[in-house]
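Notebook open, viewer loaded. I want to look up a loop, its neighbours and the charged pairs around it.

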Amino acid sequence: MSLYVLNEDKDVSDDYRVSSAKGQQLIRVIAAAADRHGEEYIGRLYTEFGTRLHNDGRDRELGTLLAIAEESLEAVGLDKALAAEAMDSTEYDEAIRKSHNEGITLVGQEVGTPVIRVGANAFFGPVVTTIPRGEDAGRLWDGVLLVTEFDDFFELKRSRTRRPSFD
């Protein structure tokens, strides 16, 4: 999903609009890489971008985003020149919009990220503040699989009281 596309017609702050437009630049790089080199790069690039932005706490200014995109492309074995080509290009915007609409149709407009699909059902979440490891990760996934078996299951939610931790 694209937060930029999701919120383009919604009443959001100017700061949020600018932030999601920056995110859209990275999505363009992913779309270009997938188109030119294969869809297996989608998850790999999301992971590389996310590690640099969230785990490493890198800022989202234009020069830094370009560097993040270049480093991430190189980390997955692709030419870093694709970053400069794709970030400001609208060539893949229609494909991004189509992909977003396919995913969001499964869950509805009033969600955020992540959106996952398991079998015939898709959901927003799970949202966790720490990364479960080992047996805990398996138990969480087993729970996700269990609730997705119920066609009438829609939501579990509580307010977040902790910031994400990427340790």
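I started at Arg58, which sits in the loop between helix 3 and helix 4 (helices are DSSP runs of H or I, at least four residues, and strands are runs of E, at least two, numbered from the N terminus). Note to self: this is a predicted model, where local features need pLDDT of at least 70, side-chain atom pairs count only at pLDDT 80 or more, and totals for chains, interfaces and linings use all residues. Residues are numbered from 1 along each chain as its sequence is written, and side-chain values use heavy atoms, with hydrogens and water left out.

Is Arg58 buried or exposed? Neither: I get 24% relative accessibility, so Arg58 counts as partly exposed (buried is under 20% relative accessible area, exposed over 50%, partly exposed in between, with a 1.4 Å probe and protein chains only).

Next I listed its contacts (heavy atoms within 4.5 Å). Leaving aside neighbours within four places in sequence, Arg58 touches Arg52, Leu53, Thr64, Ala67, Ile68 and Glu71. With Glu71 there is a side-chain polar contact of 3.0 Å (N or O atoms within 3.5 Å; within protein, one must be able to donate a hydrogen and the other to accept it, and residues adjacent in sequence count only if both atoms are side-chain atoms).

Then I followed Glu71 to its salt bridge with Arg52, 3.1 Å from N to O (a side-chain nitrogen of Lys or Arg within 4 Å of a carboxyl oxygen of Asp or Glu). This pair links Glu71 in helix 4 with Arg52 in helix 3, 19 residues apart. Arg52 is buried at 13%, while Glu71 is partly exposed at 30%. I also found that Glu48, Arg52, Arg58 and Glu71 are linked in a network of salt bridges.

I checked helix 3 itself. Its buried residues are Tyr41, Leu45, Phe49, Gly50, Arg52 and Leu53. Seen down the axis, they fall within an arc of 165°, so they line one face of the helix (the arc is that of the directions from the axis to the C-beta atoms). Helix 2 and helix 4 are among what covers them. After helix 3 comes Gly57, with a positive phi near 70°.

Back to the loop: Glu61 forms a salt bridge with Lys22 at 3.4 Å, N to O. Glu61 is in the loop and Lys22 in helix 2, so the pair ties together parts 39 residues apart in sequence. Glu61 is partly exposed, at 46%. My count for the structure is 10 salt bridges.
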